[in-house]
Amino acid sequence: MRRRRLFWQLYPATLLIALAALAAIALDATMLLRPFYIAHTEDDLESRVQLAEDHIVPLLAAKEYAKTDALCKELGQRSATRFTVILPDGTVVGDSLQSPQQMDKHNDRPEVRDALNTDMSKGVSVRKSVTLKETMCYVALPVQQRGETLGVVRASVSMAGIDGALGTITDHILVACLLTAALLAVATLIIARRVVKPLEQLSRHAEWFARGDLDHRLSTASSEEIDGLAETLNKMAADLKDKLDTVVRQRNERDAILSSMVEGVLAIDTDQRLLRMNEAAARLLGIEAARAEGRSLPELVRNIELHKLVAAVIATQQPAEGEIVLRDREARFLHVHGTVLRDAPEGRNGALLVIYDITDRKRLESIRRDFVANVSHELKTPVTSIQGYVETLLDGAMDDNEKREKFLRIVAKHTERLHAILEDLLTLARVEQEGEKMQSVLANGPLRGVLEAAVTACGAKAEEKDMQIQLTCPTELTTSMNASLLEQAVVNLIDNAIAYSPPGQKVEVFGLAGEREIEIRVRDHGCGIGREHLPRIFERFYRVDKSRSRASGGTGLGLAIVKHIVQIHGGRTAVESVPGEGSTFSIFLPK
Amino acid sequence: MSIHLQREIDKLKRDLLLICSIVEEQVEIAVSALFDRDPALAQKVQKMDEDVDRREINLEEDCLKTLALHQPVAINLRQLIAALKINNDLERIGDMAVNIARKAAALAAETTIEIPADFATMSEQTQAMLRKSLDAMVQMDAVLAREVCASDDLVDQLKGKIRSRIEQQIRQDPEHIGSMLRLLSVSRNLERIADCAVNIAEDVIYMVDGRIVRHQAD
């Protein structure tokens, strides 16, 4: 059914009822008025006839018809009534308006016939007069004397006057009705408006609630019921707002907790579709959060171990954990803990994954493992040699002068090497130890002095290989440093540069002022370092090429020492290298 | 479209993605085996290939079953056809990863042979192409797929460069000809993996646009 506005339901109906009532009353009044008026006229005429009768009876009895006619005319004149006197045979003997001789017999007139009929004794009729050609009201009474009917006296008045009067009255009633109707129309309109308007206002304002503007308050000044409704709606809105606020606050709290977590949290349903994910998870798994909406986990992360784990959790409904390696960018080791996610939407159980990044831990583990292995290996190699040569000497080679000297030299070389390793280890330990209490020992000083000292220290080695060390550093450059340690670091870098360059090449040392940092750069044109080694090159005993670096006399600790010294200064180290073209090591110190 | 068909396609998609992740890892491990000279990793690749082969056959059977049962049209049909072809390509990539891993295992013993630096670039490029083509498949992204097609030339160039370098080394040092030939084989396998990645990308374009872009010089 079509919905109609309340106003259109209310207004026409009310108006119609009022108008109908009005019309009924008006109609009734008009209808009743005419018979009432006619009855009144009849009574009036009857009494006039009776009055006239007293004068006419004697004339009729004496058969003085001329006098009768004259009387009729006189009476008629005086009372504005037409009197007619008719003999029982219908002959008119007197009439107020016409001469009786010109009138036909009247005994066929209904009122006369009724009057002559002894049963009725009175004749009444309203009809068009044959004689006068207009509507008249007739009342006829028989004239009797001593039981004999002498004739009939008839009085009549024209209905024109009555009808005129009636017409005026009807007109009045009609005008009154129309006025009332107009008044009613306006009044019901106002009433209907007053009923509907607050409701419309209410519904318009309630729409704001529906749109979510719960701070808005309804106000109507209308009937008790509507005000009550508005108040209830206001209360409802306030409650709703409270509840929504609570929900939003709780959700924000939950979101805040989730997004502040270091661990990645990931919820998926049984179809492995992503339900929720926090920032850490997106970061760890390398997922673009914007694209993740509604996708399934296999689409987002292609890793077989992860999928096996998730599938196992969903299939067995048992928690599971495992380690996965993501290799899409740099290799990342993740520890994934999967549990069953109960009460996932639509009653389906999914899985909740908690992901930790264990890359650092893995790397530290491997560094420690490598360190122990390396340190043992590095120490063992010279010791084994020494042991071997000493045993050979003891077994008799001691007596051979030539061999003895040669072997002792070898032993001496290895001892030296052992010493160098131990020395470096001690330096490293010292640097590490000092690092913990170091900050206060840093003093501001010119950088060039330190670099010059380092270059001088390496001069002998460079000359051996016929190499040049080129120093470029503005004299005014100063930095906060521990001069002897920084010198040691630069010496180590230059040593390396010399060791891994072919003879005749040059090594460049720069001191540069950056925007926020001071950079010490050592560049060589040597063999360079493979890219895969770069991230680990500052680790202790890490060797790019095991055989070669040992042959060139390194202990494997030089760069580790550099790194520690720089860390003490609050700086950082960096390395760039192209295999076959050379390497550039940089130390960045904060200004 | 019937819900059953959609469900079947979703499942096929998941299975295909699993094969994707295994194959991608195979290639990664094979490349690591080459650079880290680790024969154990090579063995792992071989083991994973058995899994890939089994899954390939299962997926193919499921695809055919879905085709026969549901007789899909339009995008669904293209999805299934593309899945069949991608599945095939993935299996071949897996085989090539095994080839690389075998050569890597053999090369691991030959410590004197240096692996040319171009191999790092080439394997990186190949892996990037494979990753991009699979990403394009997941995201139904024809633009990304076209990028993959365009980047094939670089890998071909690298292969040519490595080839001439190896030829030169063989001439200089005929003693290590076996290792050199192995390296050559590795580069060929890498190049073919890149080709397969291009095939996958072309299938993605077919699946999204419904246009077959193979054998077109554009």
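**Exercise 1. In this predicted model, which elements of chain A are linked by the salt bridge of A:K362 and A:E323, and are the two residues buried, partly exposed or exposed?**

Step 1. The side chains of A:K362 and A:E323 come together in a salt bridge, with a distance of 3.1 Å from N to O.

Step 2. A:K362 belongs to helix α10 (residues 359–394) of chain A, while A:E323 belongs to strand β8 (residues 320–326) of chain A, and the pair thereby links distant parts of the chain, 39 residues apart.

Step 3. Buried requires a relative accessible area under 20% and exposed one over 50%; A:K362, at 27%, is therefore partly exposed, and A:E323, at 41%, is partly exposed as well.

**Exercise 2. Find out which parts of chain B are tied together by the salt bridge of B:K85 and B:D203, and classify each residue by its accessibility.**

Step 1. The salt bridge between the side chains of B:K85 and B:D203 has an N to O distance of 3.7 Å.

Step 2. Because B:K85 lies in helix α3 (residues 74–109) of chain B and B:D203 lies in helix α7 (residues 177–209) of chain B, the pair ties together parts that are 118 residues apart in sequence.

Step 3. B:K85 has a relative accessibility of 31% and counts as partly exposed, whereas B:D203, at 3%, counts as buried.

**Exercise 3. Describe the contact between chain A and chain B, beginning with its extent and ending with the residues on the side of chain A.**

Step 1. Chain A brings 14 residues to the contact and chain B brings 19 residues, and the area buried between the two chains is about 1700 Å², of which 50% comes from carbon and sulfur atoms.

Step 2. Of the area that chain A buries against chain B, 43% is supplied by A:R302, A:I304 and A:R327, which is more than any other three residues supply.

Step 3. One salt bridge is found across this interface; in it A:R273 pairs with B:D10, and the closest N and O atoms are 3.6 Å apart.

Step 4. Two elements of chain A, α8 (297–300) and α9 (304–316), each give two or more residues to the side that touches chain B, and α9(A) gives the most, with three residues.

Step 5. Sorted by character, the residues on this side of chain A comprise two nonpolar, two polar and 10 charged.

Technical notes:
Residues numbered from 1 in each chain as written. Chains lettered and ligands numbered in written order. Predicted model: local features only at pLDDT ≥ 70, side-chain atom pairs only at ≥ 80, totals over all residues. Heavy atoms only, no water. Contact = heavy atoms within 4.5 Å. Buried area = accessible area lost by both parts, 1.4 Å probe. Salt bridge = Lys/Arg side-chain N within 4 Å of Asp/Glu carboxyl O. Helix = DSSP H or I, 4+ residues; strand = E, 2+ residues; numbered from the N terminus. Nonpolar A, V, L, I, M, F, W, Y, C, P; charged D, E, K, R; others polar. Buried < 20%, exposed > 50% of the residue type's maximum accessible area, 1.4 Å probe, protein only.
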